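Open the model in your viewer and show it as a cartoon, with side chains hidden for now. The stops below each give a selection and then say what is found there.

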Amino acid sequence: MSHSNAVLVRNNVKLIGNGSKTLVLAHGFGCDQNMWRFVTPELMKHFTIVLFDYVGSGASDISQYSKKRYGQLEGYAEDIIEVCDALHLTDAIFIGHSVSSILVRLRQFKNPSYFLSL
């Protein structure tokens with residue numbers, strides 16, 4: 001399995017919709033991608049939507065949990081970047097719930113072309 005595929009499996013990444021603009025919807029801690037279920041039916045009419053679970057949440061691959069990596073917020077922030085890399089995202093719109101709004105700021109400047117707006 002390639003690194004990109006491993007990232008997509010680890011984080012239970014799902015793509016829905018088929019709009020020309022891409023939304024990345026990132027849940028907060030204590031949630032999973034299911035929290036977006038009431039807004040995705042309308043959003044997917046207009047956007048391609050990236051849904052994912054942080055390791056330890058939802059249907060992520062819990063065997064990939066590392067106390068060293070996920071003992072700090074930066075580990076979860078790196079997951080966002082790895083998902084973006086795996087999907088070759090550019091100019092996406094990031095919507096972060098709760099702590100996810102902070103996580104994206106930790107790594108956003110690694111490659112600012114990922115997100116058009118936050």
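In which sense do β4 and β5 pair, and over how many bridges? The pairing is parallel and runs over 2 bridges. Select Ala-92 to see one of these positions: its bridge partner in β5 is Phe-115. Keep in mind throughout that this is a predicted model.

**Stop 1: the whole sheet**

Now colour every strand. They form an open sheet of 5 strands in the order β1-β3-β2-β4-β5, and the pairing is mixed. At the edges are β1 (14-16) and β5 (115-117), each of which pairs on one side only. Averaged over the sheet and with direction ignored, neighbouring strands are turned by 35° against each other.

Go through the sheet from the β1 edge. β1 and β3 run antiparallel and are joined by 3 bridges. Select Lys-14 here; its bridge partner in β3 is Leu-51. Next, β3 (residues 47-51) pairs with β2 (residues 21-26) in the parallel sense, over 5 bridges. Leu-23 stands opposite Ile-49 of β3. On the way to the other edge, β2 pairs with β4 (residues 92-96), again in the parallel sense, over 4 bridges. To mark this pairing, select Leu-25 and Ile-95 of β4, which stand opposite each other.

**Stop 2: two threonines in the sheet**

Show the side chains of Thr-22 and Thr-48. Thr-22 belongs to strand β2, Thr-48 to strand β3, and the two stand opposite each other.

Is Thr-22 buried or exposed? Thr-22 has a relative accessible area of 16%, and because the limit for buried is under 20%, Thr-22 counts as buried. Thr-48, at 17%, is buried as well.

Display the surroundings of Thr-22. Leaving aside neighbours within four places in sequence, Thr-22 is in contact with Thr-48, Val-50, Leu-89, Ala-92 and Ile-93. With the same neighbours left out, the contacts of Thr-48 include Ile-16, Gly-17, Asn-18 and Lys-21. Draw a distance from the side chain of Thr-48 to the backbone oxygen of Gly-19: the value is 2.8 Å. Before leaving β3, colour the strand by burial; 4 of its 5 residues are buried, so β3 is mostly covered.

**Stop 3: helix α4**

Select residues 73-87. This is helix α4, with 15 residues and a reach of 22 Å from its first C-alpha to its last, close to the 21 Å expected at 1.5 Å a residue. Why can α4 be called largely enclosed by the rest of the structure? The reason is that 12 of its 15 residues are buried. Among them are Gly-75, Tyr-76, Glu-78, Asp-79, Ile-80, Glu-82 and Cys-84. Just after the helix comes His-88, with a positive phi near 55°.

**Stop 4: the nonpolar cores**

Keep α4 selected and add Val-24, Ile-80 and Phe-115 as sticks. These three have the most contacts inside the largest nonpolar core, which has 25 residues. Two or more residues of this core come from each of β2, α4, β4 and α5. The largest share is that of α4, with 8 residues.

Centre the view on Phe-115. Apart from neighbours within four places in sequence, Phe-115 is in contact with Val-24, Ile-80, Cys-84, Asp-91, Ala-92, Phe-94 and Val-104. Apart from this core lies another, of 5 residues, including Leu-23, Trp-36, Ile-49 and Leu-51. In soluble globular proteins, nonpolar side chains tend to be buried together.

**Stop 5: two loop residues with positive phi**

Finish in the loops. Select Asn-12, in the loop between α1 (3-10) and β1. Asn-12 is not a glycine, yet has a positive phi of about 50°. With a relative accessibility of 17%, Asn-12 counts as buried.

Then move to Ser-98, in the loop between β4 and α5 (100-107). What is the phi of Ser-98? The angle is positive, about 55°, although Ser-98 is not a glycine.

Key. Residues are numbered from 1 along each chain as its sequence is written. This is a predicted model: local features need pLDDT of at least 70, side-chain atom pairs count only at pLDDT 80 or more; totals for chains, interfaces and linings use all residues. Side-chain values use heavy atoms; hydrogens and water are left out. Two strands pair if DSSP finds at least two bridges between them. Axes are lines fitted to C-alpha atoms, for helices over the stretch in contact, and angles run from 0 to 180 degrees between N-to-C directions. Buried means under 20% relative accessible area, exposed over 50%, partly exposed in between (1.4 Å probe, protein chains only). Contact means heavy atoms within 4.5 Å. A polar contact is a pair of N or O atoms within 3.5 Å; within protein, one must be able to donate a hydrogen and the other to accept it, and residues adjacent in sequence count only if both atoms are side-chain atoms. The expected span of a helix is 1.5 Å times one less than its number of residues. A nonpolar core is a set of buried Ala, Val, Leu, Ile, Met, Phe, Trp, Tyr and Cys residues joined through side-chain atoms within 4.5 Å.
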